Amino acid sequence: MTACPRNPPHGGFFIGAVHFQKNLSVFATMSQLENQTEEPIECDVAIVGAGFTGLTAATELKKAGLDIVVLEARDTVGGRVEAHAFADGIEVDAGGQFFCRDMVHVVSLAETYGRPVVMSHATGEVISQPPLPKGKAEELWESVDGLRDRMIATDLADPAVSNLTVAGWLQEQTDVPDDVAQSFRRMVKGLWCRSPEEISFAYLASNDRRVTNKYPELEMIIDGTMHMLAADMAAGLGDRLIIGSPVTAITTSPESVTLTTQKRLVRARQVLLAVPPIMARRLSFSPALPDRFTRALDAWSAGMAMKFNIRYAEPFWRKQGLSGLVMWRDPQGIFACDASHGDYCGLIIFVGGPQAGIWHERPADEIRREIVSRLVAALGEEAGRFTEIHLRDWVDDPWSDGAYSDVITDLGSPDAEAVLLEGLGNLHFAASELSPSFPGYVEGAIVAGKIAAEKITHAFQAKTER
Ligand SMILES: Cc1cc2nc3c(=O)[nH]c(=O)nc-3n(C[C@H](O)[C@H](O)[C@H](O)COP(=O)(O)OP(=O)(O)OC[C@H]3O[C@@H](n4cnc5c(N)ncnc54)[C@H](O)[C@@H]3O)c2cc1C
């Protein structure tokens, strides 16, 4: 972690926010388009979704000279990368935020847009809750890593594994001590945000094989927000990006695809659905999708996650020699880390898996109080003297249904990713979930967007050559 020097601090956090606000007026909204002609908007490629997948694909396709239109349901871009502004205007990430040197596309995007990157603070003691004897936490994590390697090395062509959930596979590892198995379950809930009883083992093993970082995945953050990078990309698309414009229906013919939004139709020669699989299955397709595509979309369940940003006047934990990292063993799937950068001081608490589902049913004030009291128990009284707290509950989110990622829970659909990646004529599917590297991460979304753009560009080239 210390091998990489801290980048010099930059001028302030507000640049991106102002930049984005300014550019919002450049994007079209459906109400602006309402008064225009009722003729469909025509384009070469329509992209549904302005998350990192859609924004990357749109940027690449535009570079290739194609006429694109991006339709985004929310009133902002970034999708599962989202900013929250505190009272004084300082913005924090309420969605995707961290990356590391191995995630080369995120690093390169930050360079392209001149967004400084800082190393996150991780030096100092890690706290376990309830406390563990000295050295035990490290010993447990080494064993969990070993188990993770065993999972990744499993022969997925072996028919014996195809019907296993993650919990089923874990039960078969009879040499694994109970405390290691419990820590593994905790990791699955914390990272994949569903219970090991639900997740397909073959999916998890295949997914984890593609998460190849050598450096810690919480290594870096943008000095500002990750959302600023989404706003930077969006600014390059101008009025071909239409926000506040959910697509509800898709009608395909061999020549074109027509997208229905509340106000206008959009007709394109090719369409990219840059939305998570669960959101794609909510669309109405005409003619209906072939059964194997419906099955491939039905195979997924949304992760369940919450993210708290808790702001402090100073990083008090560092004075006590603590890293700010807290791992809770009970309930499972909760951890805290230091997300301070520049003049901003704060901790983040992630809640993933069934616990997020349970807390989703409780009043937000009650959960905030519970989180603060857990932090006080872990880090001392000063943890209760925060200046602001923000909770982003992603469970049942209207435009992603959850976070951090959809995961495959239907054991009968081992080919769900492959089917979606095949596409269907002039209809293409892409999302971080379907990425060959770092699926479920911002890096994965950028890679997925680039691959989709390449495929669509080739489709146009092939048509021109005919
Ligand atoms: C709390 C949280 C923490 C995370 N932490 C990290 C992290 O630290 N590091 C990391 O790398 N990743 C993290 N992730 C994951 C990362 O944010 C996602 O993998 C990535 O942003 C997904 O990008 P995407 O473009 O594939 O999908 P999305 O971001 O979901 O984009 C899809 C877009 O489609 C839009 N849409 C959906 N349906 C429709 C419709 N019918 N019509 C029009 N538009 C539609 C959505 O509004 C959305 O904007 C986190 C995610 C969350 C939520």
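**Domains.** I started with the domain assignment, which splits the protein into domain 1 (41-79 + 225-301 + 410-465) and domain 2 (123-215 + 304-393). I'm keeping in mind that this is a predicted model. Next I looked up how far apart the two centres sit: 31 Å, taken over C-alpha atoms.

**UniProt record.** I checked the annotation too. The unreviewed entry has "domain: Amine oxidase" covering residues 52-456. I looked at that span in the model and found 36% helix and 22% strand. Its end C-alpha atoms lie 17 Å apart.

**Where the domains meet.** How many residues does each domain bring to the contact? I got 12 from domain 1 and 13 from domain 2. Then I looked up the buried area: domain 1 and domain 2 bury about 990 Å² between them, and 56% of that is on carbon and sulfur atoms. Which residues of domain 1 lose the most area to domain 2? They turned out to be Leu411, Phe438 and Pro439, which together make up 52% of what the domain 1 side buries.

**Polar and charged links.** I went looking for salt bridges between domain 1 and domain 2 and the count came to one. I also noted a salt bridge between glutamate 417 and arginine 210, with the closest N and O atoms 3.0 Å apart. For polar contacts between the two domains, I have three residue pairs, both partners at pLDDT 80 or more. Last, I sorted the domain 1 residues that touch domain 2: six are nonpolar, three polar and three charged.

Definitions and conventions: Residues numbered from 1 in each chain as written. Predicted model: local features only at pLDDT ≥ 70, side-chain atom pairs only at ≥ 80, totals over all residues. Heavy atoms only, no water. UniProt positions renumbered as here; feature names shortened; annotations may be inferred. Helix = DSSP H or I, 4+ residues; strand = E, 2+ residues; numbered from the N terminus. Domains from an automatic or database assignment. Contact = heavy atoms within 4.5 Å. Buried area = accessible area lost by both parts, 1.4 Å probe. Salt bridge = Lys/Arg side-chain N within 4 Å of Asp/Glu carboxyl O. Polar contact = N/O pair within 3.5 Å; in protein donor to acceptor, adjacent residues only side chain to side chain. Nonpolar A, V, L, I, M, F, W, Y, C, P; charged D, E, K, R; others polar.
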